[in-house]
Amino acid sequence: MKKTPKKTWKDYYKQQKKLTPRKTLVIALQNIEKANQAFYAVDLGCGSGQDTLQLLSEGWTVMAIDSSPTAFEFLLKKIPTPLQERLLYQCRPFENAYWEEADLVNASFSLPFCPKDQFNNLWKHIVFSIKKGGWFAGQFFGDRDDWKNLTLHSEKEVKRLFKNFEIVYWEEEEKDCETATSKELKHWHIFHVVAKKIK
Ligand SMILES: C[S@@+](CC[C@H](N)C(=O)[O-])C[C@H]1O[C@@H](n2cnc3c(N)ncnc32)[C@H](O)[C@@H]1O
């Protein structure tokens, strides 16, 4: 069984330094009616902060959450001082974090790292915290992904998570390629999802 490489998140953040915002966030932002923007987003597993920066640049207030202290060293260097006025952050696991009702919960490549036995509670918290008419953007790793130590979901299971949502963007990606921190090939199975809460 393949496991996540024994690299640190710092190695990952160094690789991601010049990364642009994730496609799922960009699609969510394109779909959100500007007139309705109440401007509060939560970025779960924000990492070095490319999505947080994009949200702040577009006028949002952002609660950035990550369990790695190093993430915030990278993130704070990236965010220009005037934008930091609208930045809130918590260095703690998202399964123990708190945040207010949000217009958008963004979770780019982070939810698979939630411990398996805590995922259901975390997901309930996420759904509960998204306002009716609010949005989710992010990724799940599928059941054919190589990293079996993470929290993986079948297509059916992911679709079930969104029973109170309209799925606006759905992409299933399956490929063999290297990871951000290793040249060794890995089988990726990813569901990219953007969804609007309708119930
Ligand atoms: C693959 S990185 C993704 C970072 C960023 N969102 C991106 O798209 O590049 C996963 C991030 O989730 C964070 N993470 C992993 N487990 C976590 C947990 N239980 N609670 C909060 N953050 C966690 C890691 O520290 C890391 O920054």
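**View 1. Around the ligand: Tyr13, Gln50 and Glu95 reach in with polar atoms.** Start with Tyr13: one of its polar side-chain atoms sits 2.7 Å from an oxygen atom of the ligand. That makes a polar contact, meaning a pair of N or O atoms within 3.5 Å; within protein, one must be able to donate a hydrogen and the other to accept it, and residues adjacent in sequence count only if both atoms are side-chain atoms. Keep in mind that this is a predicted model, where local features need pLDDT of at least 70 and side-chain atom pairs count only at pLDDT 80 or more, while totals for chains, interfaces and linings use all residues. Residues are numbered from 1 along each chain as its sequence is written, and side-chain values use heavy atoms, with hydrogens and water left out. Gln50 has a side-chain N or O atom 3.1 Å from an oxygen atom of the ligand, and Glu95 has one 3.0 Å from a ligand nitrogen atom. Taken alone the ligand exposes 590 Å², and the protein buries 95% of that (areas by the Shrake-Rupley method with a 1.4 Å probe; for residues, only the protein chains shown count as cover). In total, 19 residues surround the ligand, and the closest are Tyr13, Arg22, Gly45, Asp66 and Phe94 (near means a heavy atom within 4 Å).

**View 2. A closer look at Gln50 in helix H3.** H3 covers residues 50-57 (helices are DSSP runs of H or I with at least four residues, strands are runs of E with at least two, and both are numbered from the N terminus). Gln50 counts as buried because its relative accessibility is 10% (buried is under 20% relative accessible area, exposed over 50%, partly exposed in between, with a 1.4 Å probe and protein chains only). Leaving aside neighbours within four places in sequence, Gln50 is in contact with Leu19, Thr20, Pro21, Arg22 and Lys78 (contact means heavy atoms within 4.5 Å).

**View 3. Lys23 pairs with Glu171.** This is a salt bridge, with the closest N and O atoms 2.6 Å apart (the rule: a side-chain nitrogen of Lys or Arg within 4 Å of a carboxyl oxygen of Asp or Glu). Lys23 belongs to helix H2 and Glu171 to strand S7, 148 residues apart. Lys23 is partly exposed, at 43%. The whole structure has eight salt bridges.

**View 4. Two more salt bridges, Arg144 with Glu172 and Asp145 with Lys186.** Arg144 and Glu172 meet at 3.3 Å, N to O. Arg144 lies in the loop between S5 and S6, and Glu172 in S7, so this pair ties together parts 28 residues apart in sequence. Arg144 and Glu172 also join Glu174 in a network of salt bridges. For Asp145 and Lys186, the N to O distance is 2.9 Å. Asp145 is buried, at 0% relative accessibility, and so is Lys186, at 2%.

**View 5. Inside the largest nonpolar core.** Here 28 residues come together, and Trp99, Phe136 and Phe140 touch the most other members (a nonpolar core is a set of buried Ala, Val, Leu, Ile, Met, Phe, Trp, Tyr and Cys residues joined through side-chain atoms within 4.5 Å). Helix H6 gives the largest share, five residues. Not counting residues up to four places away in sequence, Phe136 touches a list of residues including Leu104, Trp123, Phe162 and Val194. A second, separate core has 21 residues, among them Leu29, Leu55, Leu56 and Leu87.
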